[in-house]
Amino acid sequence: MELTLDFGIELPAYRPIARRVTDSPPSFEQIVDAHYQGLHRFALSMCRSEATAQDLVQQTFLQWAKKGHTLRDTSKVKTWLFTTIYREWLSIARREKKHEQVEFEPELHGVAHNSDESENPRVDGATLQKALEQLDPNYRAPLVLFYLKELSYREIAESLGIPIGTVMSRLSRAKNHLRSILLQLEENIIPAQFTS
C-alpha cells in the first residue's frame, strides 16, 4: 500500500528500521516506537522525576525531528538519541543545581532493618533505584547505559562524549561505589548527607 501526498510523492506505508548506511532512513514513527521506552527509562534513572523524564524524551524527539536528517549513518540512531537525551539532561541538571531544592521525607528516616534477612541479602528494584540515585551522575550514566540499556563501550563513549578508557574506569568506579552504597543500605548506616 502506498501513500500519496499532496506533493505528488509516493511513499511506502511501512519502512523497516534501517540498519545499514545505504538503507533509507527510518520514519519518525518507527524511531519513536523503537526507542521511546528505553529513552524514557534512561531519563527516569537520571532525573528521578516522571514529569522531567517525559520532558526529556519529548525534547529528544523534537531534536530528532529538527536535526535527525543530518545523521549520515542510520545505524547510529540509537546512539544519537541517547547522546541527545543525556545532553538535554545535563543542561537541566546545571539549571537545577543553581536552584537546588531539598525535601525532607520522614518515611525515609528511622526505618528499622530486619536482621533476619541479613543471612540472605536481596536487592529489590526500589533499593537498587535508591542506590543508583546516590551515585554521581558521571558514574550513574555509564552504568545505566551499559547494564540496563546494553550499549557497548564505544556507544557509551559516543553518547557521553568521553573516551572509551574513561567509560571503562567510570564503570569500574561506579560498580565499586554502588556496591558500597548497597552494603550501607543493607546495614542501614547511611550518613545523613548521602540520603535523598
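Helix axes that meet at 65 to 115 degrees count as roughly perpendicular. In this predicted model, helix α5 and helix α7 pack at an angle of about 100°, so the two are roughly perpendicular to each other. Helix α5 also packs against helix α6, and that pair is oblique. Below is a quick tour of α5 and its two partners, plus a look at histidine 40 over in helix α1.

**α5 against α7**

- Helix α7 covers residues 164–187, and its axis lies 8 Å from that of α5.
- On the α5 side, the residues that touch α7 are Asn138, Tyr139, Pro142, Leu143, Phe146 and Tyr147.
- They meet Arg170, Leu171, Arg173, Ala174, Lys175, His177 and Leu178 of α7.
- Sorted by class, this contact has eight nonpolar residues, two polar ones and three charged ones.

**α5 against α6**

- Here the players are α5, residues 137–148, and α6, residues 153–160, whose axes come within 10 Å and cross at roughly 140°.
- That angle makes α5 oblique to α6, because only values over 145 degrees count as roughly antiparallel.
- As for handedness, α5 passes α6 in a right-handed crossing.
- From α5, the contact draws on Ala141, Pro142, Leu145 and Phe146.
- From α6 come Tyr153, Ile156, Ser159 and Leu160.
- The class split for α5 with α6 is seven nonpolar residues and one polar, with no charged ones.

**Inside α5 and at its ends**

- A run of α5 residues is buried: Tyr139, Arg140, Ala141, Pro142, Leu143, Val144 and Leu145.
- Pro142 turns up in the contact with α6 and again in the contact with α7, and so does Phe146, listed for α6 and for α7.
- At the start of the helix, aspartate 136 puts a side-chain oxygen within 2.8 Å of the backbone nitrogen of asparagine 138.
- Just past the other end of α5, glutamate 150 has a positive phi of about 55°.

**Histidine 40 in α1**

- Histidine 40 sits in helix α1, which spans residues 28–47.
- Its relative accessibility is 13%, and since the cut-off for buried is under 20%, histidine 40 counts as buried.
- The histidine 40 side chain makes a polar contact with the side chain of glutamate 50, at 2.9 Å.
- Setting aside neighbours within four places in sequence, histidine 40 touches Glu50, Ala53, Gln54 and Val57.

Notes. Residues are numbered from 1 along each chain as its sequence is written. This is a predicted model: local features need pLDDT of at least 70, side-chain atom pairs count only at pLDDT 80 or more; totals for chains, interfaces and linings use all residues. Side-chain values use heavy atoms; hydrogens and water are left out. Axes are lines fitted to C-alpha atoms, for helices over the stretch in contact, and angles run from 0 to 180 degrees between N-to-C directions. Helices (H or I, at least four residues) and strands (E, at least two) are DSSP runs, numbered from the N terminus. Angles under 35 degrees count as roughly parallel, over 145 as roughly antiparallel, 65 to 115 as roughly perpendicular and the rest as oblique. A crossing is left-handed if the near helix is turned anticlockwise from the far one by less than a right angle, and right-handed if clockwise. Contact means heavy atoms within 4.5 Å. Ala, Val, Leu, Ile, Met, Phe, Trp, Tyr, Cys and Pro count as nonpolar, Asp, Glu, Lys and Arg as charged, and the others, Gly among them, as polar. Buried means under 20% relative accessible area, exposed over 50%, partly exposed in between (1.4 Å probe, protein chains only). A polar contact is a pair of N or O atoms within 3.5 Å; within protein, one must be able to donate a hydrogen and the other to accept it, and residues adjacent in sequence count only if both atoms are side-chain atoms.
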